[in-house]
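The report below describes one protein model, moving from a pair of strands to the whole chain and back to single residues. Please read it with the sequence and the coordinates at hand.

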Amino acid sequence: MSTVEINNLIKKYGSFEAVKGISFDINEGEIFGLIGPNGAGKTTTLRVVSTLLQINSGNIKILEYDLKTQPDKIRKIISYLPEDAGAYKTLTGRAYLKFIAKFFIEKNTNELINKGIEIADLGSRIDDKVDTYSKGMKRRLLVGRALMTKPKFAILDEPTSGLDVINAQEIRQIIKNFAQQGTTILLSSHNMLEVEYLCHRIALIDNGIIIEKGKPKDLMIKYKSNNIEEVFTKVVK
């Protein structure tokens, strides 16, 4: 069953066509990777799917809701972590998670907050102000914020950006666990090792067009490559 169906999506900025009629679907519990070079249309696609940008043409359905006509329904069941996301610097990590939790539940937010704290795994630093955090600590907090609601569909743009190897591995395992529990994930990353490890299927986008898609292993065989990074360099020229 498809959680997400994208058909002939076109997105323009004025006369510039950033996304040129792309189509793909994402199955329930699948981690789907959208990868490509800078300026390829990845971020625009993620922002459209997250309801932040309007569609010029085409259609998107998320769990049978139409993105054009039912964006409010979609916003209640998804979570979006942008690459450049930030948190309120004057709040502590705990206070920030509490602030976000209240958007989803007015009362009895402790379960959500505790889940966010568990994912962020900042120890006693959860009660320090965000402006004292390193880049990696902020990212862990933001991943906790994105996943603490147990969304049906999560859009994660560079989820391990700024994390060291150990922290990145822990976040990847958390993402895998959420998918195994039924969360559908659209992931974008410049880390091809991460993409290869996490994604069930991937789509390569360049110049607003999807130029290849499939399972990582199948694409490595097709392009006689040892890893997805090699596939990427052969397909995106």
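In which sense do strand 3 and strand 8 run, and how many bridges join them? Strand 3 and strand 8 run parallel and are joined by three bridges, where two strands are said to pair if DSSP finds at least two bridges between them. Helices (H or I, at least four residues) and strands (E, at least two) are DSSP runs, numbered from the N terminus.

The model is predicted, and for that reason local features need pLDDT of at least 70 and side-chain atom pairs count only at pLDDT 80 or more, while totals for chains, interfaces and linings use all residues. Residues are numbered from 1 along each chain as its sequence is written, and side-chain values use heavy atoms, with hydrogens and water left out.

**Overall form**

The protein contains nine helices and ten strands. Its radius of gyration is 18 Å, close to the 18 Å that the globule rule gives for 237 residues, so the protein is as compact as a globular protein of that length; the radius is taken over C-alpha atoms, and the rule is 2.2 Å times the number of residues to the power 0.38. The C-alpha trace spans about 50 × 40 × 35 Å along the principal axes of the protein. Of the 237 residues, 50% count as buried, a term that means under 20% relative accessible area, with exposed meaning over 50% and partly exposed lying in between (1.4 Å probe, protein chains only). Among the contacts with a separation of 6 or more, 64% are accounted for by residues 24 or more positions apart, contact meaning heavy atoms within 4.5 Å.

**Strand 8 and its partners**

Strand 8 (residues 184-188) has five of its five residues buried, so it is largely enclosed by the rest of the structure. In a regular strand the side chains alternate between the two faces of the sheet. Here Thr184, Leu186 and Ser188 point one way, Ile185 and Leu187 point the other way, and all are buried. In the pairing with strand 3, Phe32 stands opposite Leu186. Strand 7 and strand 8 also pair in the parallel sense, over five bridges, and there Ala154 stands opposite Ile185. Thr184 itself counts as buried at 0% relative accessibility, and, leaving aside neighbours within four places in sequence, its contacts include Thr3, Ile26, Lys152, Phe153 and Ala154.

**Strand 9 and its partners**

Strand 9 (residues 201-206) is mostly covered, with five of its six residues buried. Strand 3 (residues 31-35) is joined to strand 9 by four bridges and runs parallel to it, whereas strand 9 and strand 10 (residues 209-214) run antiparallel and are joined by five bridges. Ile202 takes part in both pairings, standing opposite Gly33 and also opposite Gly214 in strand 10. The hairpin of strand 9 and strand 10 has two residues between the strands.

**Two residues with positive phi**

Most residues other than glycine have a negative phi, and most peptide bonds are trans. The table sets out two residues that have a positive phi although neither is a glycine.

| Residue | Phi | Loop | Relative accessibility |
|---|---|---|---|
| Lys150 | about 50° | between helix 5 (135-147) and strand 7 (153-157) | 48%, partly exposed |
| Asn207 | about 55° | between strand 9 and strand 10 | 48%, partly exposed |

**The open sheet**

An open sheet of four strands has the order 2-1-4-5, with antiparallel pairing. Its edge strands are strand 2 (16-27) and strand 5 (65-66), each of which pairs on one side only. Within this sheet, strand 1 (residues 2-13) and strand 4 (residues 57-62) run antiparallel and are joined by five bridges, and the bridge partner of Val4 in strand 4 is Ile62.

Ile22 lies in strand 2 and is buried, with a relative accessible area of 1%. Not counting residues up to four places away in sequence, Ile22 touches Ile6, Asn7, Asn8, Leu9, Thr45, Ile205, Gly208, Ile209 and Ile210. The C-alpha atoms of Ile22 and Leu193, 171 residues apart along the chain, are separated by 25 Å.
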